[in-house]
Amino acid sequence: MRVPVPAVLLLLVFSLIPIEVGGVLDATLETDTQSLTTVYFSLGGPGWLRRAGWEMLEQAHDQFVDVFDVDGNQVLSPQEIKEGLNVNYVGCRFPPCYPTLTVPNPLFKIPEPPNRYFLQEFGFTDSEVQALVVKATSERTDPIRGQAKIDARDKSLDGLVLFKEFFSTFIASDPCLDGWYGVTCSDQGRVIGLSLQSNQLTGIIPPDIGNLTLLQGLHLGSKDRSSLSSNNIMGEIPSTISQMFALQSLSLDHNLLTGTIPDAIGELTSLTMLDLGWNRLHGPLPNITRLTGLSRLYLDHNYLNGTVEELSELTRLEEVDISNNDFEGDLQAPLLGLPLLQSAYFHANPKASLHAQFSPLIAGLSAQYANNLGRTSSSALVQDKAALLDLYQSSGGGGWFIRFGWEEPLSDPCLSSWYGVECDDAGRVISLLLNGNNLTGFLPRSVGHLAMLSTANFAKNRLQGSIPPEVASLNRLRYLDLSSNQLVGGVPSALGAARELETLLLNDNFLTGSLPPIADGAWTRIHNVNLARNRMQGSIPPSLGALRSIQYLDLSSNLLLGSLPGSMGSMWSLKELRLQDNQLFSELPAQWAGMTELRVLNAARNRLYGRIPGAWGQGMRNLRALILHSNRLNGEIPPSLFSIRFLQQVVLSSNLLAGEIPSSIVQVSNSLALLDLRDNRLSGNLPSSLANLSSLLFLDLSSNMFSGFLPDYFNTSSHLLYLAQWGKVRLASNDFACPVPTQGAARSATCSTRNCPLDWVSNGTSCVKCSPGYSRGRGMEKCSRCMQAGRKEEERVCAVFSADWQRVMTKQNETGAAVKCILCSEAAALNLYVLPELDAQSLPGEPAGGAGGSQHDVLSYNGSSAYPDGTRYVGEVMLGAPHGRGTMTSRRGMYVGSFQLGKRSG
């Protein structure tokens with residue numbers, strides 16, 4: 001019966017004999033655990049999907065650092081170890097003891113003294129100490145620090161190495177008893193299985209994995225060979241794998257392994273299954289003739305080369321897949337004599353002889369398979385079918401929604417009408433329409449062998465992996481749609497040299513890298529390119545300007561940087577250009593006026609700056625929508641922009657545009673449906689031509705600096721009144737003159753206090769007179785007991801009660817109490833109560849002459865300026881504006897007569 005590790009640890013403490021104790025608990029138990037610990041941290045354990053039990057290693061590491069790493073640099077000095085161990089041993093009669101240690105350490109159960117002095121103090125004999133010294137100094141690297149070295153000539157007891165000797169071997173968490181995920185153990189407590197398939201493993205396989213000498217199964221690949229739920233292990237296969245003499249099953253498929261297959265694989269004579277497929281391995285096969293028990297061998301989708309004659313020695317092979325490599329010679333011949341062979345795949349090896357194209361091989365009967373093709377057995381036809389079969393296997397064919405014909409590998413793809421496959425009269429595949437068919441897995445490189453393919457539609461599936469560069473070798477390809485998948489990696493640069501391509505749709509994936517440069521003479525027929533909603537980086541290549549036939553270009557929602565190439569102005573066939581949601585930093589090129597066929601230009605949410613070129617209005621005569629919002633554009637809106645006859649949408653919001661709305665907007669009165677100019681710095685009066693926009697469906701002029709009284713057409717235009725009912729007219733946050741209508745199309749408009757007479761403030765729609773005793777001077781926004789006009793911030797004065805000023809408390813009413821104006825800084829220093837300034841909402845009562853009454857206040861300014869522009873008015877008012885009889889003097893002259901809420905009525 002197996003002895004629990006913690007119990008044995010206590011036995012080791014009192015025996016004082018390290019690791020080699022009596023054979024009951026030999027080094028292999030600790031070695032297995034140490035090896036698993038190294039595997040965990042080398043393969044990104046904290047990021048695994050499933051890691052039950054393993055997470056104890058992280059907790060132990062953190063607590064270990066908390067206890068010993070005094071200076072926090074994660075490198076333990078001998079002094080730190082000495083101090084840390086003193087906590088456990090000073091005053092401790094029978095170690096291990098934790099008299100003052102409040103944080104337990106679950107990883108290292110029995111810490112030991114780091115030097116001879118402490119060992120001798122607790123009864124260790126010289127002979128015992130010397131044995132520890134010899135053993136410690138024989139190991140030259142400390143696993144905790146990694147770089148800690150010991151001089152072989154120095155026979156003194158090194159604290160770090162001795163620390164390793166005790167600490168790294170006594171681990172409280174047991175991978176077998178505590179049920180670590182994916183770990184299988186024997187009755188004797190040895191690790192015999194490690195299955196971490198599809199668990200988001202990353203990093204490099206550590207050489208220490210070879211110390212799991214009794215391992216029978218090692219599975220670090222994918223749970224399902226047709227699935228993409230794989231790992232991402234990099235680097236080479238360690239040669240120490242040869243130490244696993246009991247290994248029967250090894251799967252490292254669907255990773256990113258590189259290098260050659262090590263000769264050590266050939267020494268695993270107990271292997272029955274070997275899967276290294278879907279990696280980046282290269283070079284020839286090692287000598288595997290000793291693997292006589294091997295029944296399943298998968299080496300597909302790598303870059304392996306050379307011949308495969310030695311496969312003929314593997315007499316127990318039942319399944320073999322060496323497809324999609326660079327093997328040479330006759331790949332069938334070594335397999336024909338294998339008595340147990342049930343299936344063999346060896347297609348897509350372009351350097352192999354003709355026979356190697358007959359795949360799969362059923363029961364070794366290649367001649368029968370060739371006869372069952374039902375058509376001419378030319379190499380081209382066989383190559384097409386081999387590529388289709390590989391596509392079916394690689395993309396999870398068993399899970400396709402529709403797979404008619406594909407499930408019969410001996411049938412003819414053309415004569416049997418395989419779903420989505422179209423052939424020409426010669427039996428060559430010319431079209432694949434498998435969009436929306438639940439394709440998973442990878443797109444195999446062998447698709448590049450469909451030499452006559454002109455249309456490939458794999459959109460709206462769940463394909464992962466990268467776009468195989470072999471696709472670019474399809475010289476007849478005109479239509480390629482891989483949109484709405486889960487593809488990663490870059491766009492193959494060779495695609496930039498395609499000459500027949502007309503449509504390239506790669507949008508809605510996870511593609512990265514830069515846009516491929518366009519080779520001379522390439523993409524001459526292209527008319528639709530869509531790379532939207534990816535993660536493309538870099539700049540827009542100027543070579544795009546050579547695409548004279550392109551009509552639709554969508555690069556939106558990426559991470560593109562740099563400037564807008566002026567050369568794109570030569571794309572005179574372009575109808576839609578979408579560049580929104582990138583990080584482009586550029587002025588708008590005036591050369592783009594050459595896009596005479598352009599209908600839609602969307603470059604919103606970038607970092608574009610400068611002016612809108614006036615030449616655009618002269619050149620883009622067919623523009624329907626100009627969408628440039630959320631940039632940094634400045635200057636005025638060019639009047640020529642509204643000379644574009646069919647302009648329907650203008651969205652220039654959230655920029656820095658200034659000036660007035662051009663009166664030329666009347667030229668698009670019959671076409672303009674959407675005008676969004678919000679959040680700019682536009683100013684001046686609203687042009688009367690806005691009333692003539694009969695096709696308008698949405699108008700947003702909010703958050704600008706428009707001024708003056710709102711034109712009458714906002715209350716008289718039936719079209720604007722109708723839009724206002726649905727909230728489609730927005731005029732808020734401007735500088736209109738008070739009052740503004742609270743009904744009709746202008747009900748969203750606001751006026752500011754700066755448009756009210758002195759001693760009046762705005763409530764947003766009209767002017768309200770300050771309360772008695774309060775006033776508002778020029779430049780002030782609120783009514784105050786103290787005049788602030790012309791004062792700097794540090795000179796501001798505040799109103800305080802005179803009694804408070806005299807240090808006598810008062811409970812008088814604020815309005816009636818005597819006040820004194822002193823510097824606000826002084827009031828704060830004396831901690832005096834400051835009378836608040838009042839805005840319109842804080843003032844009592846209704847605005848003068850409000851809805852509830854007909855009384856008119858009479859204001860006389862005694863020659864002072866009533867309005868910021870110098871206009872003077874003496875007469876009657878209502879709602880804070882001239883109303884009734886009065887005299888108004890402005891720079892335009894003097895008017896004496898009647899007013900209707902600010903407008904002359906006589």
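**Strand architecture and selected residue environments in a predicted model**

D676 is buried, its relative accessible area being 6%. This description refers to a predicted model. The residue belongs to strand 29, which covers residues 674–676. Leaving aside residues up to four places away in sequence, D676 touches V650, V651, L652, S653, F698 and D700. The assignment of D676 as buried follows because 6% falls under the 20% limit for that class.

Across the protein, 51% of the 906 residues count as buried. The secondary structure amounts to 14 helices and 43 strands. Where contacts join residues at least 6 apart in sequence, 53% of them link residues at least 24 apart. The exposed area of the protein is about 39,500 Å², and carbon and sulfur atoms supply 51% of this area.

Two parallel sheets were examined. One is an open sheet of six strands with parallel pairing, arranged in the order 24-26-28-30-32-34. Its edges are formed by strand 24 (609–610) and strand 34 (735–736), each of which pairs on one side only. Towards the strand 34 edge, the pairing can be followed by residue. Strand 30 (residues 681–684) pairs with strand 32 in the parallel sense over two bridges, and G684 has F706 in strand 32 as its bridge partner. Strand 32, comprising residues 705–708, in turn pairs with strand 34, again in the parallel sense and over two bridges. Here S707 has D735 as its bridge partner in strand 34, while G708 stands opposite F736 in strand 34.

The other open sheet has three strands in the order 8-10-12, and its pairing is also parallel. Strand 8 (282–283) and strand 12 (326–327) are the edge strands, each pairing on one side only. Between strand 8 and strand 10 (residues 303–306), two bridges support pairing in the parallel sense. Within this pair of strands, H282 stands opposite Y303 of strand 10.

Two further residues, E55 and I402, were considered for their exposure and surroundings. E55 lies in helix 3, which spans residues 55–68. With a relative accessible area of 34%, E55 is partly exposed. The class applies because 34% lies between the limits of 20% and 50%. A polar atom of the E55 side chain is 2.9 Å from the backbone nitrogen of G53. In addition, the C-alpha atoms of E55 and G45 are separated by 8.1 Å, the two residues being 10 apart along the chain.

I402 is located in the loop between helix 9 (379–394) and strand 15 (421–423). Its relative accessibility is 38%, so I402 also counts as partly exposed. Together with F401 and F404, I402 makes a nonpolar surface patch of about 350 Å². The value of 38% satisfies the patch criterion of over 30% relative accessible area, although I402 is classed as partly exposed because 38% does not reach the limit of over 50% for exposed residues.

The three residues described individually thus fall into two accessibility classes: D676 is buried at 6%, whereas E55 is partly exposed at 34% and I402 is partly exposed at 38%.

Key: Residues are numbered from 1 along each chain as its sequence is written. This is a predicted model: local features need pLDDT of at least 70, side-chain atom pairs count only at pLDDT 80 or more; totals for chains, interfaces and linings use all residues. Side-chain values use heavy atoms; hydrogens and water are left out. Helices (H or I, at least four residues) and strands (E, at least two) are DSSP runs, numbered from the N terminus. Buried means under 20% relative accessible area, exposed over 50%, partly exposed in between (1.4 Å probe, protein chains only). Contact means heavy atoms within 4.5 Å. Accessible areas come from the Shrake-Rupley method with a 1.4 Å probe; for residues, only the protein chains shown count as cover. A polar contact is a pair of N or O atoms within 3.5 Å; within protein, one must be able to donate a hydrogen and the other to accept it, and residues adjacent in sequence count only if both atoms are side-chain atoms. Patches are made of residues with over 30% relative accessible area and no salt bridge: like charges are joined within 9 Å, nonpolar side chains (Val, Leu, Ile, Met, Phe, Trp, Tyr) within 5 Å. A salt bridge is a side-chain nitrogen of Lys or Arg within 4 Å of a carboxyl oxygen of Asp or Glu. Two strands pair if DSSP finds at least two bridges between them.
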